[in-house]
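Q: Please explain how the terms used for this structure follow from their definitions.

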Amino acid sequence: MSLKKVAIVGAGVTGLTTAILLRLSGYDVHIFASKYPVIDHSNPFFASAFPAASIVPHSVTSPISKKLFLSSAMFYEQLYELNFSGIYRQIHYEVFSEPSKSKPAYLQWLPGYTEIPINGNSFIPHIPHYPLSRAWKFPMFFVDWPVYWKALLKIFTTLEIPFTHEIIDFSRIDSRFSVENYSLVVLASGSGLEKMHNKPLSLLKGHLLDIDDAPKLHDPDGHVFSYNYPPPLKVYSTRNGKPQDIYSYPRSGTMILGGSRIAGKLIGEKWKGDELLLNYKKTESNLEWPYSAIFELNKILIENSTNYKIHYTQIKSKVHGYRYLGPNSSLCFEIDPSKKVPHIHAYGLGGAGVTLSWGLAKEITSKANELLQSPNDKNTYKTSSSIQAKNISRLLANLYIG
Ligand SMILES: Cc1cc2nc3c(=O)[nH]c(=O)nc-3n(C[C@H](O)[C@H](O)[C@H](O)COP(=O)(O)OP(=O)(O)OC[C@H]3O[C@@H](n4cnc5c(N)ncnc54)[C@H](O)[C@@H]3O)c2cc1C
């Protein structure tokens, strides 16, 4: 019996993860993408070249975020248990200088989340002399992105999933490739899907620095930590008064310093939206704005919290990329019934595409099972819940060659 064929458009973290899970579930999968997915920073629209990458649903909204997050978290947990070198778990601090109105919903989904009293003696990474309004901490996973991406690509090639280099014109998708050859099309082409909508997608521009030869940061109890910290608005914010958080996440041998989340849209080549305010004027590093602020604010925070001094000569790269959101600024996961064969849309993952990737791939696989399987198929295809996070994690961990 020939297997049911699924076409996936897009080879970012969403497309690759979905292709792997569908393949392991028994489908004949084929990926189409405008570029072979190597990590370089030449295209700021290929979001999967940029994640920092924390496993927490920052900068995305969806009614199914919790479900996707918990399902993905199980996978990362397994990978960590298997001592995969591309994942860390550490204490993460979220610290605020301006009064915050509400707490993000995801805090309740994180075991070990603790509110920290700001007037006590507890350790809170921050910049001295700026006010502190609130802080909390929780244990969290971080993915060492270059290592993880290499392993993901390795599974993809080991499973011999065919890849075709092709730019799909979404206004003519039915004729562009022979849709009738497939039972299902999954559209995971990120910002490429903008052309299917009459208005541009919402973007969150992000800036990152990669710091070479960087140690892990330790709190006074000796635990490795990371942080997100928006300094006061008058120091680092946007024209529309949005606080901008600086952050530090670990990698093997290097450290990622962020960041920015500037909301806007691109109309043609032109940026329409918010802008960072040039409030922070110290420029010891000779970097251009906003990298100078990102570097110096993080440097002061790290020095104040750990005594470790970063020097600007350690800057290995500085990059900017776009996190994009679907219509109504949220994640889009839906089935388009208007096509000859069903199309599943899966895009607009904002700042959480890595975080939610396995959860989303599982949902897509469940939908594929629902849409495509007849009772006679039950021995041919595995259900997404029978594909255990443990088995996939083992595959990923085993395939990684350092
Ligand atoms: C600065 C920054 C920091 C981030 N930090 C984090 C983090 O800490 N944690 C986290 O979870 N996430 C983070 N993210 C978000 C994460 O990177 C994205 O959500 C994720 O990479 C989106 O992946 P994707 O596969 O959906 O889209 P993409 O990676 O954009 O992939 C789209 C794919 O579609 C293809 N394509 C597009 N148009 C066409 C077309 N017309 N025809 C054929 N192929 C096409 C492209 O070639 C590409 O293969 C960050 C992002 C940025 C920019």
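Q: What makes 21 residues of the shell around the ligand nonpolar in this predicted model?
A: Residues such as Leu, Ile and Phe count as nonpolar, while Asp, Glu, Lys and Arg count as charged. Under this division, the shell around the ligand holds 21 nonpolar, 14 polar and three charged residues.

Q: Which residues come nearest to the ligand?
A: Thr 14, Ser 34, Ser 48, Tyr 324 and Thr 355 come nearest, out of the 38 residues around the ligand.

Q: Why is the pair formed by Ser 48 and the ligand called a polar contact?
A: An N or O atom in the side chain of Ser 48 is 2.5 Å from an oxygen atom of the ligand. A polar contact is a pair of N or O atoms within 3.5 Å, so this pair is one. For Phe 45, a backbone N or O atom lies 3.4 Å from an oxygen atom of the ligand, and therefore this pair also meets the limit of 3.5 Å.

Q: How much of the ligand does the protein cover?
A: On its own, the ligand has 1000 Å² of accessible area, and the protein covers 95% of it.

Q: Which elements give two or more residues to the shell around the ligand?
A: They are helix H1 (13-24) and strand S14 (315-325). S14 gives the most, with four residues.

Q: How do you know that the span of helix H6 agrees with the expected value?
A: Helix H6 (residues 357-372) has 16 residues, which at 1.5 Å a residue should span 22 Å. The end C-alpha atoms of H6 are 22 Å apart, so the two values agree.

Q: What makes Trp 358 in H6 buried?
A: Buried means under 20% relative accessible area. Trp 358 is among the buried residues of H6, including also Leu 360 and Ile 364.

Methods
Residues numbered from 1 in each chain as written. Predicted model: local features only at pLDDT ≥ 70, side-chain atom pairs only at ≥ 80, totals over all residues. Heavy atoms only, no water. Near = heavy atom within 4 Å. Polar contact = N/O pair within 3.5 Å; in protein donor to acceptor, adjacent residues only side chain to side chain. Areas by Shrake-Rupley, 256 points an atom, 1.4 Å probe, with all protein chains shown as cover. Expected span 1.5 Å × (residues − 1). Buried < 20%, exposed > 50% of the residue type's maximum accessible area, 1.4 Å probe, protein only.
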